[in-house]
Amino acid sequence: MSAPKTTPENCSVVPAVAGAWPLAQRLAEQLSCPAVRSVEAVSSPVALFVDHDDLWLQQRAMEQASPVRVDFASPGLQHRRRGGQNELLGRAVGVKAGQRPSVIDATAGLGRDAYVLADLGCTVTLIERSAVLALMLEQALERASISAIASVRAAASRMRLQSRDSRDYETSQETVIYLDPMFTDRRGSAAVKKDLSVLQALHGNVDNEDEQLLAWALAQPVRRVVVKRPLKSAPLDSRKPSHVIKGKTVRFDVYVL
Ligand SMILES: C[S@@+](CC[C@H](N)C(=O)[O-])C[C@H]1O[C@@H](n2cnc3c(N)ncnc32)[C@H](O)[C@@H]1O
């Protein structure tokens, strides 16, 4: 993985057990976040809990909700790999018989879509600018590479991580760029809403950044750019896609270059 970015985030690092305090301090320094000894002392919107072999996020405003983890072998993600939406995502990036494009997931987040693409057989470069999320992805990939589930190990072998702003990344062999910007009117399961809520609390979003990201993507030497959008919203930056693939709650705007 490239060197982690050190942009401060709305996050404190908390040891999940007393013995993890030195680890929490080390990670806090690496992430440029405060380390606090107990959850009662957290004043930031999000806490990153660390144990010797696990990491998870908890949003203060949603203390009752279950924690957010990156775990490619989780039952939720294993269930999703059988769902119809994966087929749509695969079609959007150009998966077809004998064709498995290499994809840059330029908004990797919790790695859910990247995993689906890797599981479909694509090689995927995950780029994430949040140092906290990049750390979680890095550890999840390490765990996935030694998973007891063969398909998880196979998908992990097709994923590589870059901790940086995508707009600083030079595309080389990849043929497709995939963008999933942080739109707020997201429908779907409570789990999807909880994940989005923690991502927003952690990093927020800056006006026009998604438009800039699309402009960067369209200027790269790739064959297509795919943007996930809410089903009924306008195209990002009002740029008309070449074609659209619609699901029940989201659609994929495909720009063939
Ligand atoms: C909605 S989330 C993506 C969720 C992801 N598709 C998944 O399946 O888990 C958007 C993510 O993009 C990241 N992001 C936004 N702009 C970025 C940029 N310019 N470079 C890298 N990451 C970026 C945010 O930090 C956030 O984690």
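# Exercises on a two-domain model

The side chain of R251 reaches the backbone oxygen of L231 at 3.0 Å. That's our way into this structure, which is a predicted model.

## Exercise 1: Get to know R251

Work out where R251 is placed, whether R251 is buried or exposed, and which residues R251 touches.

Solution.

Step 1. Find R251 in the chain: it's in strand 10, which covers residues 250-256.

Step 2. Check its accessibility. The relative accessible area of R251 is 6%. The cut-off for buried is under 20%, so R251 counts as buried.

Step 3. Look for polar partners. Besides reaching the backbone oxygen of L231, the side chain of R251 makes a polar contact of 2.6 Å with the side chain of D253.

Step 4. Now look at the wider surroundings. Leaving out residues up to four places away in sequence, R251 touches V227, K228, R229, P230, L231, K232, S233, A234, P235, V244, I245 and K246.

## Exercise 2: Two residues with an unusual phi

Look at D237 and S238: where do they sit, and what is the sign of phi in each?

Solution.

Step 1. Start with the usual case: most residues other than glycine have a negative phi.

Step 2. Turn to D237. Its phi is near 55 degrees, a positive value, and D237 isn't a glycine. You'll find D237 in the loop between strand 8 (224-230) and strand 9 (243-246).

Step 3. Do the same for S238. Phi is near 55 degrees here too, again positive in a non-glycine residue, and S238 is in the loop between strand 8 and strand 9.

Step 4. Check how open they are. With 36% relative accessibility, D237 is partly exposed. S238 has 65%, and exposed means over 50%, so S238 goes down as exposed.

## Exercise 3: Where the domains meet

Describe how domain 1 and domain 2 touch, and say which strand gives the most to the domain 1 side.

Solution.

Step 1. Split the chain: domain 1 is 11-62 and domain 2 is 75-256. Taken over C-alpha atoms, their centres are 27 Å apart.

Step 2. Count the residues in contact. Domain 1 has 15 residues touching 12 residues of domain 2.

Step 3. Ask what the buried area is made of. Some 1100 Å² (an approximate figure) is buried between domain 1 and domain 2, with carbon and sulfur atoms giving 77% of it.

Step 4. Add the charged and polar links. Between domain 1 and domain 2 there are 0 salt bridges, and 2 residue pairs are in polar contact.

Step 5. Name the elements. Helix 1 (21-31), strand 2 (46-51) and strand 3 (54-59) are the ones giving two or more residues to the domain 1 side. Strand 3 gives the most, with 5 residues.

## Exercise 4: Find the core

Locate the largest nonpolar core and say which helix gives the most to it.

Solution.

Step 1. Count and name. The largest nonpolar core has 62 residues, and those with the most contacts inside it are L48, L57, F72, V132, M159 and F252.

Step 2. Find the top contributor. Helix 5 (residues 131-145) gives the most, with 9 residues.

Step 3. Compare with the domains. At least three residues of this core come from each of domain 1 and domain 2.

Step 4. Zoom in on L48. Not counting residues up to four places away in sequence, L48 touches C11, S12, V13, V14, L31, L55, W56, L57, V132 and M136.

Step 5. Don't miss the second core. This separate one has 15 residues, including Y169, L213, V227 and Y255.

## Exercise 5: Trace the salt bridges

Find out what R112 and R129 pair with, and which residues form one network.

Solution.

Step 1. Get the total: the whole structure has 9 salt bridges.

Step 2. Follow R112. It forms a salt bridge with D195, with the closest N and O atoms 2.8 Å apart. R112 is in helix 4 (residues 112-119) and D195 in helix 7 (residues 190-203), so the pair links parts of the chain 83 residues apart.

Step 3. Follow R129. Its side chain meets that of E209 in a salt bridge of 2.5 Å, N to O. Since R129 lies in the loop between strand 5 (124-128) and helix 5, and E209 in helix 8 (residues 209-218), this pair ties together parts 80 residues apart in sequence.

Step 4. Build the network. R167 forms a salt bridge with D165, the closest N and O atoms being 2.9 Å apart. Through shared partners, salt bridges join R129, D165, R167 and E209 into one network.

Definitions and conventions:
Residues are numbered from 1 along each chain as its sequence is written. This is a predicted model: local features need pLDDT of at least 70, side-chain atom pairs count only at pLDDT 80 or more; totals for chains, interfaces and linings use all residues. Side-chain values use heavy atoms; hydrogens and water are left out. A nonpolar core is a set of buried Ala, Val, Leu, Ile, Met, Phe, Trp, Tyr and Cys residues joined through side-chain atoms within 4.5 Å. Buried means under 20% relative accessible area, exposed over 50%, partly exposed in between (1.4 Å probe, protein chains only). Helices (H or I, at least four residues) and strands (E, at least two) are DSSP runs, numbered from the N terminus. Domain bounds come from an automatic or database domain assignment. Contact means heavy atoms within 4.5 Å. Buried area is the accessible area (1.4 Å probe) that two parts lose on being put together, summed over both. A salt bridge is a side-chain nitrogen of Lys or Arg within 4 Å of a carboxyl oxygen of Asp or Glu. A polar contact is a pair of N or O atoms within 3.5 Å; within protein, one must be able to donate a hydrogen and the other to accept it, and residues adjacent in sequence count only if both atoms are side-chain atoms.
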